[in-house]
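Thanks for asking me to look this one over. My notes are below as numbered points, so you can follow them with the model open beside you.

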Amino acid sequence: MRTIITVVLSNCSAQHSQTLNTLMNLEGYLDELIIFHNGVESIEIDKNFIYNLELKIKKVSVRHFFDVRPLSWIYNGVLNEYYHGDRFIFFSDDCVLEGNY
């Protein structure tokens, strides 16, 4: 079963996202993570942080939207583009996941 996880950052860096830090610390190995930066400010994604995520996640991709798109637009875009996924999980940047998630 292939799980696609989407995290939407709203003017928050990847390194400061509670959600991404929680995913990095979960036990197990995840299938795919898509990180959307959805904010007007340009932020640089720390390559070392992404590398550390890739140790736990098979595929990590990062996308930037500087025109602040609606969440429905992002979510529907993921569902249309990643139709090969079996499960889709969507998070904001400030979620804290328990270890048994």
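How many disulfides does a search of the whole structure find?

1. The search finds zero disulfides. Please keep in mind that this is a predicted model. Take C12 to begin with: the closest cysteine sulfur belongs to C95 and is 11 Å away, and a disulfide needs the two sulfur atoms within 2.5 Å, so this pair is too far apart for a bond. Seen from the other end, C95 is in no disulfide either, its nearest cysteine sulfur being that of C12. The surroundings of the two cysteines can be added here: C12 is buried, at a relative accessible area of 15%, while C95 is partly exposed, at 21%.

2. Now the overall layout. The protein chain has three helices and four strands, and from the N terminus on these elements follow the order β-α-β-α-β-α-β. Its radius of gyration is 13 Å, close to the 13 Å that the globule rule gives for 101 residues, so the chain is as compact as a globular protein of that length. If you want box dimensions, the C-alpha trace spans about 35 × 30 × 20 Å along its principal axes. Of the 101 residues, 44% count as buried. Contacts also reach far along the sequence: among those between residues at least 6 apart, 78% join residues at least 24 apart.

3. Strand 1 deserves a careful look. This strand covers residues 3-9, and seven of its seven residues are buried. In a regular strand, side chains alternate between the two faces of the sheet. Here both faces are covered, with T3, I5, V7 and L9 buried on one side and I4, T6 and V8 buried on the other.

4. What does strand 1 pair with? One partner is strand 4 (residues 87-92), which runs parallel to strand 1 and is joined to it by six bridges; within this pairing, I4 stands opposite F88. Another partner is strand 2 (residues 30-38), again in the parallel sense and over six bridges, where V8 has F36 as its bridge partner. Between strand 1 and strand 2 the chain passes through helix 1 (residues 18-25), and this β-α-β crossover is right-handed.

5. Helix 1 is worth following inwards. Its buried residues include T19, L20, T22, L23 and M24. Among the elements that cover the buried residues of helix 1 are strand 1, strand 2, helix 2 and strand 4.

6. Next, the nonpolar packing. In soluble globular proteins, nonpolar side chains tend to be buried together. The largest nonpolar core in this model has 20 residues, and the members that touch the most others are V7, L20, L23, L33, I35 and L53. At least two residues of this core come from each of strand 1, helix 1, strand 2, helix 2 (47-54), strand 3 (57-65) and strand 4. To see one member in detail, select L33: leaving aside residues up to four places away in sequence, L33 touches I5, V7, L20, L23, L53, I57, K59, V60 and S61. There is also a second, separate core of eight residues, which includes V8, F36, F65 and Y82.

7. Two loop residues can be read together. N11 sits in the loop between strand 1 and helix 1, and E41 in the loop between strand 2 and helix 2. Leaving out residues up to four places away in sequence, N11 touches H37, N38, G39, V40 and E41, and on the same basis E41 touches N11 and F66. N11 is partly exposed, with a relative accessible area of 43%. For a sense of distance, N11 and Y51 lie 21 Å apart, C-alpha to C-alpha, with their positions 40 residues apart in sequence. E41 and I57 are 16 residues apart in sequence, yet 27 Å apart in space by the C-alpha atoms.

8. Finally, a backbone point for your checks. Most residues other than glycine have a negative phi. V68 has a positive value, near 45 degrees. V68 lies in the loop between strand 3 and helix 3 (71-81), and V68 counts as partly exposed at 44% relative accessibility.

Definitions and conventions
Residues numbered from 1 in each chain as written. Predicted model: local features only at pLDDT ≥ 70, side-chain atom pairs only at ≥ 80, totals over all residues. Heavy atoms only, no water. Buried < 20%, exposed > 50% of the residue type's maximum accessible area, 1.4 Å probe, protein only. Pairing = 2+ DSSP bridges. Right-handed = clockwise from strand over helix to strand, strands pointing away. Core = buried A, V, L, I, M, F, W, Y, C linked by side-chain atoms within 4.5 Å. Contact = heavy atoms within 4.5 Å. Rg over C-alpha atoms; globule rule 2.2 N^0.38 Å.
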